[in-house]
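Visitor: I would like to go through the inside of this protein, one question at a time. Please keep the answers short.

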Amino acid sequence: MTTNHDLFQRALARMPGGVNSPVRAFKSVGGEPFFTARADGAFLFDVEGKRYIDYVGSWGPMIVGHAHHLVLRALNEVMRNGTSFGAPTPREIEMARRICGALPAVERVRLVSSGTEATMTALRLARAATGRPKIVKFDGCYHGHADALLVRAGSGAMTLGVPDSPGVPEATASQTLVARFNDLDEIETRFRAEGETIAAVIVEPVVGNMGLVPPQPGYLEGLRRITAEHGALLIFDEVMTGFRLAWGGVQNTMGIRPDLTCLGKVIGGGMPLAAVGGRRDVMELLAPIGAVYQAGTLSGNPLAVAAGLTTLDLLDKPGTYEKLEALGARLEAGLSAALSRHGRRGCINRRGSMWTLFLGVEQVRNADDARACDTAAFARYFLAMLERGIYLPPSQFEAAFISLAHTEDDIDRTIKAADEALGE
Ligand code: PMP
């Protein structure tokens with residue numbers, strides 16, 4: 001039998017770190033990744049035949065569960081007519097209509113293939129629209145791996161960015177200001193000092209990338225007010241939260257209209273699809289109408305659009321988000337009880353079907369709080385859960401995802417496993 005270990009050795013021989021995206025390598029939790037053979041509903045099966053209840057969900061897209069028969073049927077049907085044309089197709093219009101219909105702030109939209117492309121294009125548009133060079137991002141928010149966004153703060157107050165990765169020029173990083181999430185005073189001060197140079201603030205409205213961290217009441221409203229006062233754009237990166245936490249996105253539930261919105265993950269239903277959209281005047285700066293260049297060989301790919309449209313159809317039904325909320329609440333209650341039963345210090349942050357169990361801290365409101373977590377304890381917990389057939393994101397600083405394919409029974413089995421894992 002081919003084992004996970006054998007495959008990892010073979011992968012290491014040809015691929016840096018044995019993987020095609022870093023977190024997959026389990027570096028921050030130790031151990032070796034398993035190799036997936038297939039997936040079905042809420043489950044992954046590795047090449048050794050072991051089954052896992054999956055809370056990674058391909059990092060968010062699989063909200064209707066893996067290998068949903070209607071998504072597969074749509075893919076099969078579309079595939080018969082060819083897989084890519086590099087020319088317009090009718091379904092792209094339907095996807096654009098669905099996105100604009102669901103998000104009042106999105107008047108025009110462009111489809112791309114990854115979240116990274118969406119945020120990169122949003123920044124270019126914001127700079128072109130304002131004629132200003134700088135952008136503000138938040139420590140601990142991840143917006144893909146474009147140079148300007150691979151920057152984090154020194155601790156504490158907003159600082160001029162330093163690159164997070166070798167290969168990002170200082171000159172690029174210096175145009176990125178990094179602020180502390182959930183601290184409105186800091187943003188206010190910075191805008192008073194240099195607002196006329198700031199093109200945009202980009203934010204995950206509910207953060208998934210320092211673990212799940214919700215905004216405090218009034219925070220996003222404050223960002224909207226301050227950016228508008230200073231003529232800067234507000235970009236909501238809803239690549240993770242879009243159609244995940246609510247139909248449309250977090251902006252709908254809060255009644256906030258960002259200037260630009262980035263989408264990804266769920267709108268592609270597990271295929272490479274993402275989008276940037278927003279105000280018509282800003283979006284129409286894009287080529288071919290305007291001079292801001294952006295393009296993609298596979299943009300609006302027919303298979304990706306078909307998988308995405310079917311996924312959106314499955315979500316656009318009464319009770320969908322209520323069901324995800326109920327499953328999330330059940331899991332949260334069970335995990336909280338397990339934490340207290342074992343006298344473990346920790347907290348659970350959750351919004352709907354996105355959640356993170358943080359160990360070693362009482363609360364997490366920003367990246368500094370997240371960095372104070374006991375990551376060694378998290379690694380032990382992760383591996384103990386994996387052993388029990390529960391696949392969590394392999395890092396303390398990631399959100400976990402529940403899908404519509406998860407059942408109360410899956411949730412209860414997860415709670416039981418966590419109770420054992422936290423008691424070890
Ligand atoms: N923005 C957010 C909020 C994300 O979570 C991610 C990916 N996890 C991205 C952007 C980048 O998307 P992609 O990996 O498709 O480039």
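Guide: One thing to know at the start is that this is a predicted model.

Visitor: Which helix or strand gives the most to the largest nonpolar core?

Guide: In soluble globular proteins, nonpolar side chains tend to be buried together. Here the largest nonpolar core has 39 residues. Elements that each supply at least two of them include β2 (43-46), β3 (51-54), α11 (320-341) and α13 (375-387). With 8 residues, the element that gives the most is α13.

Visitor: Which residues have the most contacts inside the largest nonpolar core?

Guide: One of them is Y381. Leaving out residues up to four places away in sequence, Y381 touches L357, L359, L392, A418, A421 and L422. The full set with the most contacts inside this core is Y55, W355, Y381 and Y391.

Visitor: How many residues are in the second, separate core?

Guide: This core is separate from the one just described, and V206, A232, I256 and V361 are among its members. Its count is 37 residues.

Visitor: Which element supplies the largest share of the lining of the largest cavity?

Guide: Rolling a probe the size of a water molecule over the atoms shows where empty space is left. The search of the whole structure finds 3 cavities of 30 Å³ or more, and the largest has a volume of about 60 Å³. Its lining includes W355, T356, L357, F378 and Y381, and β15 and α13 each supply at least two lining residues. The largest share, 3 residues, comes from β15.

Visitor: How many residues of the lining of the largest cavity are charged?

Guide: Among the lining residues are L392, P393, S395, E398 and A400. The lining divides into 7 nonpolar and 2 polar residues, and the charged count is 1.

Visitor: How many polar residues does the lining of the second largest cavity have?

Guide: About 50 Å³ of space lies in this cavity. G41, D54, H66, R244 and S403 are among the residues that line it. By class, the lining has 4 nonpolar and 2 charged residues, while the polar count is 6.

Visitor: Which residues are the closest to the centre of the second largest pocket?

Guide: The second largest pocket holds about 500 Å³ of space. Its 21 lining residues divide into 10 nonpolar, 9 polar and 2 charged, and α3 (90-102) and β4 (108-112) each supply at least two of them. The closest to the centre are P88, E92, L111, S299 and G300.

Technical notes
Residues are numbered from 1 along each chain as its sequence is written. This is a predicted model: local features need pLDDT of at least 70, side-chain atom pairs count only at pLDDT 80 or more; totals for chains, interfaces and linings use all residues. Side-chain values use heavy atoms; hydrogens and water are left out. On a 1 Å grid over the protein atoms alone, a cavity is a set of points where a 1.4 Å probe fits but cannot get out, and a pocket is an open set with protein on both sides within 12 Å along at least five of seven lines; lining residues have an atom within 4 Å of a point. Grid points are joined across faces, edges and corners, and a volume is the space filled by probe spheres set on the points. Helices (H or I, at least four residues) and strands (E, at least two) are DSSP runs, numbered from the N terminus. Ala, Val, Leu, Ile, Met, Phe, Trp, Tyr, Cys and Pro count as nonpolar, Asp, Glu, Lys and Arg as charged, and the others, Gly among them, as polar. A nonpolar core is a set of buried Ala, Val, Leu, Ile, Met, Phe, Trp, Tyr and Cys residues joined through side-chain atoms within 4.5 Å. Buried means under 20% relative accessible area, exposed over 50%, partly exposed in between (1.4 Å probe, protein chains only). Contact means heavy atoms within 4.5 Å.
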